[in-house]
Structures are given as structure tokens and as C-alpha cells.
Amino acid sequence: IDIGERRTEESLQEHTGHAEIAELMRDNIYMEPSTAEEVITRVSHKWDDLARMLGFNRNQIDRIQNVKTGQDHRCREMLHRWRIRDGRAATLPVLKKALIDIGERRTEESLQEHTGHAEIAELMRDNIYMEPSTAEEVITRVSHKWDDLARMLGFNRNQIDRIQNVKTGQDHRCREMLHRWRIRDGRAATLPVLKKA
């Protein structure tokens, strides 16, 4: 690891075994970053309704509203917090049910489930799938060096400054940077890339 966090690299789990693939397929855990982006594009005007259906209480919704400006940013933050909070329970079927419950059946129907064995096997082989706990472990161990990690992941000075100006606290900045990296790089934001950085 270029920023000197060898223990973090060693502790990150790569999910490449057949048992993990079968479990991901069974539980519909894997969601493309484009799934969240599609929800944000279509439903951000109802992000707080969706948040309620995903189990957020009024205080949690108010906190997101006070921290983020703009419906898209609030929706993105809420989905991010949902994935972190619920981990393996934050599945595509749960999201689809919540969308139906807020009257967004067309959005629900437009989301692609990634349950085919070949697709999951390809994701696992290419190390695209990362547990939410992987990002949390990186945040816990290297948030004090989040800007160095950001540079190693290809962020420029302006992008780093924007994150620093928007977020307070090293953990929040690191989490935001990792979130932006996954959105920016999509399928190229892999576990091996993170480990190398």
C-alpha cells in the first residue's frame, strides 16, 4: 500500500469463493453503482419518503437534510447511510419494495437485478463487489490520511479541497471520498485498486 497501511490491505477481505457467490446471488446483495444513481435521478424529489420506507426516523432524516443541500445529494447520502447501517440487509428487493411503497413502481421496474450466476461470477472474479464493511474498515484505519488515499485514487487538488470544504471530520471526508470514487470509477473501483492505493 503506497500510503503505508499494510495492515489495512491485509485485513481487507476479497470475496472470490463459490460460497460467497452463491450467498450474494441468494440474498441479492450486489447492486451496481448505477442502481443508486438511477434511484437518485428518478426519486430524489421524494428522498425523505423513501428514507422513511427504508427505516429512517424523523431525526435521521432531519440530520441528512441539514447536512446536505439539494435533493440529489440528500438522496445519495440517505442511500449511502442505508447501505452502511443495514449492511447485508440493504438488498435490491428491500429497495424495490420501498420504491413501490412510495408510488414509484416504474422506477422499481426499471432497476435491474444482478442475480445471474455468470454476472455475479464475473463481478467476483474482477473484484468489483466490496462489502460496505470494507469501506468502513478503510475509514477506521486510514481516515487520518484520507487526502493521501484520495490522491492515490486519482483525485486532484480541487476535488480534495471540495470534499474538505463540504465535510467536517476525517471520517466523513474519507467516507465521502470513497463514495465519490465508487461513483466516478464504477466497475473500475475495485478492491485491488483500493489495496494498491
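Ala-135 is partly exposed, with a relative accessible area of 25%, where partly exposed denotes the range between buried, under 20% relative accessible area, and exposed, over 50%, for a 1.4 Å probe and protein chains only. The model is a predicted one, in which local features need pLDDT of at least 70 and side-chain atom pairs count only at pLDDT 80 or more, while totals for chains, interfaces and linings use all residues. Residues are numbered from 1 along each chain as its sequence is written, and side-chain values use heavy atoms, with hydrogens and water left out.

Ala-135 belongs to helix α10, which spans residues 132–142; helices (H or I, at least four residues) and strands (E, at least two) are taken as DSSP runs and numbered from the N terminus. The C-alpha atom of Ala-135 lies 9.0 Å from that of His-179, although 44 residues separate the two in sequence. In total, the protein has 14 helices and zero strands. Of its 197 residues, 45% count as buried. Among contacts (heavy atoms within 4.5 Å) with a separation of 6 or more, 74% are made by residues 24 or more positions apart. The exposed area of the protein is about 10,000 Å², of which carbon and sulfur atoms supply 46%, as obtained by the Shrake-Rupley method with a 1.4 Å probe, with only the protein chains shown counting as cover for residues.

In soluble globular proteins, nonpolar side chains tend to be buried together. A nonpolar core is defined here as a set of buried Ala, Val, Leu, Ile, Met, Phe, Trp, Tyr and Cys residues joined through side-chain atoms within 4.5 Å. The largest such core comprises 21 residues, and Leu-50, Leu-54, Met-78, Leu-79 and Leu-95 are those with the most contacts inside it. At least two residues of this core come from each of α3 (33–43), α4 (47–53), α5 (58–67), α6 and α7 (92–101). Separate from this core is another, of 17 residues, including Ile-139, Val-142, Phe-155 and Leu-194.

Two of the residues named for the 21-residue core were examined through their contacts, leaving aside neighbours within four places in sequence. Leu-79 is in contact with Ala-36, Val-39, Ile-40, Leu-50, Leu-54 and Leu-95. Leu-54, by contrast, is placed in the loop between α4 and α5, and its relative accessible area of 6% makes it buried. Contacts of Leu-54 beyond four places in sequence are formed with Met-78, Leu-79, Trp-82, Arg-85, Asp-86, Val-94, Leu-95 and Ala-98. A separation of 9.3 Å is found between the C-alpha atoms of Leu-54 and Lys-97, which are 43 residues apart along the chain.

Rolling a probe the size of a water molecule over the atoms shows where empty space is left. On a 1 Å grid over the protein atoms alone, with a 1.4 Å probe, a pocket is an open set of points with protein on both sides within 12 Å along at least five of seven lines, and lining residues have an atom within 4 Å of a point. The largest pocket holds about 220 Å³ of space, the volume being that filled by probe spheres set on the points, which are joined across faces, edges and corners. Its lining consists of Val-67, Glu-77, His-80, Arg-81, Ile-84, Val-166, Lys-167, Thr-168, His-172, Arg-175 and Glu-176. Two or more of these residues are given by each of α6 (71–86) and α13 (170–185), and α6 gives the most, with four. By class, the lining of the largest pocket holds three nonpolar, three polar and five charged residues, with Ala, Val, Leu, Ile, Met, Phe, Trp, Tyr, Cys and Pro counted as nonpolar, Asp, Glu, Lys and Arg as charged, and the others, Gly among them, as polar.

Within this lining, Glu-77 is part of helix α6 and counts as buried because its relative accessibility is 9%. Apart from residues up to four places away in sequence, Glu-77 touches Ile-64, Lys-68, Lys-167 and Glu-176. Arg-175, in helix α13, likewise counts as buried, at 19% relative accessibility. With the same exclusion of residues up to four places away, Arg-175 touches His-80, Glu-136 and Ile-139.

Gln-170 is also found in helix α13, but its relative accessibility of 35% places it among partly exposed residues. Beyond four places in sequence, Gln-170 is in contact with Ser-143, His-144 and Trp-146. The C-alpha atoms of Gln-170 and Val-142 are separated by 9.1 Å, with their positions 28 residues apart along the chain.
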